[in-house]
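User: I'd like to go through this model label by label. For each one, please tell me what it rests on.

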Amino acid sequence: MIIVLIGPPGSGKSTQGHLIANKYGLPFIGVGDLVRDMIHSDNSEYKKKVNSGNLLPDDVVFGIVKAKLDQYDTDKGFILEGYPRTIGQAKLLDEYLLGKHCSLNCVLYMDNVVDQDIADRIKGRYQCSNCGSTYSKEKVPSNLMCARCGKLLVPRCDDTITSLKCRMQEYKKKSLPVYDYYTENKCVTAINASKSIEEVFEKAVQIIER
Ligand SMILES: [Zn+2]
């Protein structure tokens, strides 16, 4: 089972992706985290781009995704979160899956989240100052120490309001068309993501199992 989760920044993709991955025993691939891991250990132009809220080139992002997918048995399936963010990325994924003789089962689109809710949701997200691990609002340890390496957590560097505005613009311009792209293949379903985590998860399971 191959499931893709797309939607605007702060729409709860990662939270739902983890819940779905746990329920079905599938690997979770969070592409935003992979990109942040990559730029954390890299002082290149990419770091500036991501921190100011811009998207990286399609081939760079797909390279990161492919390296991860190659570690898994794609036949068994996986949950891909925060990818594709452009039509170009969607096409690269389709080609890759075609080469592996498999295809997407379901694309979940996290819809109906208003900009103010997004701003509220991303407030309180943290990242480790040492290893780059990220923590959603609910998962931040109370002592602000990283669960992986024990170092101090700091607010996530691409979560400033200026960066968020830029990410929303990038999202509307480049990522919304991805929804239309998948509509043509009839494999995408929109979920009202303004509901509670439990309600959104219940809806996601219904869609996956129908
Ligand atoms: Zn750490």
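User: Which residue in S3 stands opposite Val4?

Analyst: Leu80 is the one across from Val4. One caveat first: this is a predicted model, in which local features need pLDDT of at least 70 and side-chain atom pairs count only at pLDDT 80 or more, while totals for chains, interfaces and linings use all residues. Residues are numbered from 1 along each chain as its sequence is written, and side-chain values use heavy atoms, with hydrogens and water left out.

User: What makes S1 and S3 strands, and why do they count as a pair?

Analyst: Strands are DSSP runs of E with at least two residues, helices are runs of H or I with at least four, and both are numbered from the N terminus. S1 covers 2–6 and S3 covers 78–81. Pairing takes at least two DSSP bridges between two strands. S1 and S3 run parallel and have four bridges, so they are over the bar. S1 also pairs with S4, again in the parallel sense and over four bridges; there Leu5 stands opposite Leu108, and Ile6 opposite Tyr109.

User: What is the strand order of the five-stranded sheet, and why are S2 and S8 at the edges?

Analyst: The open sheet reads S2-S3-S1-S4-S8, with parallel pairing. S2 (28–30) and S8 (188–192) each have a single partner strand, so one side of each has no neighbour in the sheet. From one strand to the next, the twist averages 20°.

User: How do you know that S1 is mostly covered?

Analyst: Five of its five residues are buried, which means under 20% relative accessible area (exposed is over 50%, partly exposed is in between; 1.4 Å probe, protein chains only). Ile2, Val4 and Ile6 point one way, with Ile3 and Leu5 pointing the other way. In a regular strand, side chains alternate between the two faces of the sheet.

User: What makes a group of residues a nonpolar core, and which residues touch the most other members of the largest one?

Analyst: A nonpolar core is a set of buried Ala, Val, Leu, Ile, Met, Phe, Trp, Tyr and Cys residues joined through side-chain atoms within 4.5 Å. The largest one has 33 residues, and Leu80, Leu93 and Tyr182 touch the most other members. H4 gives the largest share, six residues. Leaving out residues up to four places away in sequence, Leu80 touches Ile3, Val4, Leu5, Ile29, Val31, Val65 and Leu93 (contact: heavy atoms within 4.5 Å).

User: Why is H5 called oblique to H7?

Analyst: The scale is under 35 degrees roughly parallel, over 145 roughly antiparallel, 65 to 115 roughly perpendicular, and the rest oblique. The angle between H5 and H7 is about 45°, with the axes 8 Å apart. That value makes H5 oblique to H7. Axes are lines fitted to C-alpha atoms, for helices over the stretch in contact, and angles run from 0 to 180 degrees between N-to-C directions. Ile87, Ala90, Lys91, Leu93 and Asp94 of H5 meet Lys174, Pro177, Val178, Tyr181 and Tyr182 of H7.

User: How does that contact divide by residue type?

Analyst: Seven nonpolar, no polar and three charged. Here Ala, Val, Leu, Ile, Met, Phe, Trp, Tyr, Cys and Pro count as nonpolar, Asp, Glu, Lys and Arg as charged, and the others, Gly among them, as polar.

User: Arg125, His101 and Leu144: which of them is buried, exposed or partly exposed?

Analyst: Arg125, in the loop between H6 (115–122) and S5, has a relative accessible area of 17%, so Arg125 is buried. Its contacts beyond four places in sequence include Tyr135, Asp159 and Arg167. His101, in the loop between H5 and S4, reaches 74% and is therefore exposed. Leu144, in the loop between S6 (134–135) and S7 (153–155), comes out at 27%, so partly exposed is the label.

User: What is phi at His101 and Leu144, and which residues does the cis peptide bond join?

Analyst: Phi is near 55° at His101 and near 55° at Leu144. The cis bond joins Tyr83 and Pro84, with omega about 0°; Pro84 sits in the loop between S3 and H5. Most residues other than glycine have a negative phi, and most peptide bonds are trans.
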